[in-house]
Amino acid sequence: MTQRKIIIDTDPGQDDAVAILLALAAPDLEVLGLTAVAGNVPLELTQTNARKVCDLAGRPDIPVFAGCDRPLAHPLVTAEHVHGKTGLDGPDLPAPITPLQDAHAVDFLIETLRTEPPGTVTLCPIGPLTNIATAFRRAPDIVDRVQEIVLMGGAYFEVGNITPAAEFNIYVDPEAAEIVFNAGVPLVVMPLDVTHKALTTPAHIAGFRQMGTPVGAAVAAWTVFFERFDKEKYGQEGAPLHDPCTIAWLLAPELFSGRHINVEIEVHSPLTRGMTVADWWRVTDRPANAHFVGNVDADGYFALLTRHIATL
Ligand code: BDR
Ligand code: CA
């Protein structure tokens, strides 16, 4: 079996952590590395959290790199109100053993894409797009070598979660998002439109807990912590588990449906900065640049998650 090579660019984040675990559990995927970026919490915490997740999965061999500590053009906006002070509040996890690599995440991205055969490395960004955009700006020769980008970010019908118009990952660094969306790389986007259909339920959480493993217990505790914010905000029974949708797409794309359309990033308007302007109804001539996902089979998604997480 040929494994698909991926790099996860991440700002853990409880849902990032579940995405990383899903990827590490999947025999079809080879995780070349984790590149941490500032987002949900500052970089020092996101890189530490990424290493804690590798420890938990029993994979201290996964190379973890620290990347950009702030967005390209504006001050960092964080989301402790959602993810807690550490970004990974919930279970008590010890200080990580998985080492932090010396190289900068952007150098790792550039080096890996230059070394691996063209078209064989997929990028999975599940935080602000600062690392990826910086790598593309610094080394334009790598852009054509990327197999695909599968990212979590944006919203259209669901509108914003950090402002009325913008989703968090894109809002934090719209200038970076603009670079990535216009790079010409095959792009799959998991916006809030789909992740808000991937809601946790008490049964899903019980399923994680009943695994009787440290990983199952941690995922249950993260989910319980993470869902309180959205449950209260949206008045629903559960909360969206956003970031693992990217990895689930790689493993079972038939669970999802969407449209190949044009998506532009608003970078100027103070009112709608970070908005993903998705031409869902194809009312412009702007060329399609993204597969924008709108729907998921939520039962299938959680079954896939549970099946994989149970193996760790
Ligand atoms: C995204 O923002 C972060 O808070 C989550 O980890 C996810 O990547 C959802 O808007
Ligand atoms: Ca994230």
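Two strands count as paired if DSSP finds at least two bridges between them. The views below are all taken from a predicted model.

**View 1. The edge of the sheet at strand 8 and its partner, strand 11.** Strand 8 and strand 11 (residues 290-296) run antiparallel and are joined by 6 bridges. Within this pairing, Ser-257 stands opposite Asn-295, a residue of strand 11.

**View 2. The whole sheet, from strand 4 to strand 8.** The sheet is open and is formed by 9 strands, whose order is 4-3-2-1-5-6-7-11-8 and whose pairing is mixed. Strand 4 (100-104) and strand 8 (256-261) each have a single partner strand and stand at the edges, so one side of each is left without a neighbour in the sheet. From one strand to the next, the twist averages 25 degrees.

**View 3. Strand 1 between strand 2 and strand 5.** Of the 7 residues that make up strand 1 (residues 4-10), 5 are buried, so this strand is largely enclosed by the rest of the structure. Strand 1 pairs with strand 2 in the parallel sense, over 7 bridges, and in this pairing Arg-4 has Leu-29 of strand 2 as its bridge partner. The chain passes from strand 1 through helix 1 to strand 2, making a β-α-β crossover that is right-handed. Strand 1 also pairs with strand 5 in the parallel sense, here over 5 bridges, and the bridge partner of Ile-6 in strand 5 is Thr-122.

**View 4. Gln-101 in strand 4, with helix 2 lying across the strands.** Gln-101 belongs to strand 4 and, with a relative accessibility of 32%, counts as partly exposed, since that value falls between the limits of 20% for buried and 50% for exposed residues. When residues up to four places away in sequence are not counted, Gln-101 touches Pro-63, Val-64 and Phe-65. Although Gln-101 and Pro-63 are 38 residues apart in sequence, their C-alpha atoms are 6.4 Å apart in space. Helix 2 (residues 43-56) lies across strand 2 (29-36), strand 3 (64-66) and strand 4, and the helix runs at about 175 degrees to strand 3.

**View 5. The calcium ion (ligand 2) and its donors.** The calcium ion is coordinated at 2.3 to 2.6 Å by OD atoms of Asp-11, Asp-16 (listed twice) and Asp-243, together with the O atom of Ile-126. Along the chain, these donors follow the spacing D-x4-D-x109-I-x116-D. Asp-16 lies in helix 1 (residues 14-25), whereas Ile-126 lies in the loop between strand 5 (121-125) and helix 5 (130-138), so the pair ties together parts that are 110 residues apart in sequence. Asp-16 and Ile-126 are both buried.

**View 6. The nonpolar cores, with Phe-256 in the largest of them.** The largest nonpolar core holds 62 residues, and those that touch the most other members are Trp-222, Ile-247, Phe-256 and Tyr-301. Helix 1 gives the largest share of this core, with 8 residues. Leaving aside residues up to four places away in sequence, Phe-256 touches Met-190, Val-194, Cys-245, Ala-248, Trp-249, Val-293, Asn-295, Val-296 and Tyr-301. A second core, separate from the largest one, has 39 residues, among them Phe-65, Leu-129, Ala-139 and Val-143.

Key. Residues numbered from 1 in each chain as written. Chains lettered and ligands numbered in written order. Predicted model: local features only at pLDDT ≥ 70, side-chain atom pairs only at ≥ 80, totals over all residues. Heavy atoms only, no water. Donors = N, O, S within 2.8 Å, 3.2 Å for Na, K, Ca; no water. Helix = DSSP H or I, 4+ residues; strand = E, 2+ residues; numbered from the N terminus. Buried < 20%, exposed > 50% of the residue type's maximum accessible area, 1.4 Å probe, protein only. Core = buried A, V, L, I, M, F, W, Y, C linked by side-chain atoms within 4.5 Å. Contact = heavy atoms within 4.5 Å. Axes fitted to C-alpha atoms, helices over the stretch in contact; angles between N-to-C directions. Right-handed = clockwise from strand over helix to strand, strands pointing away.
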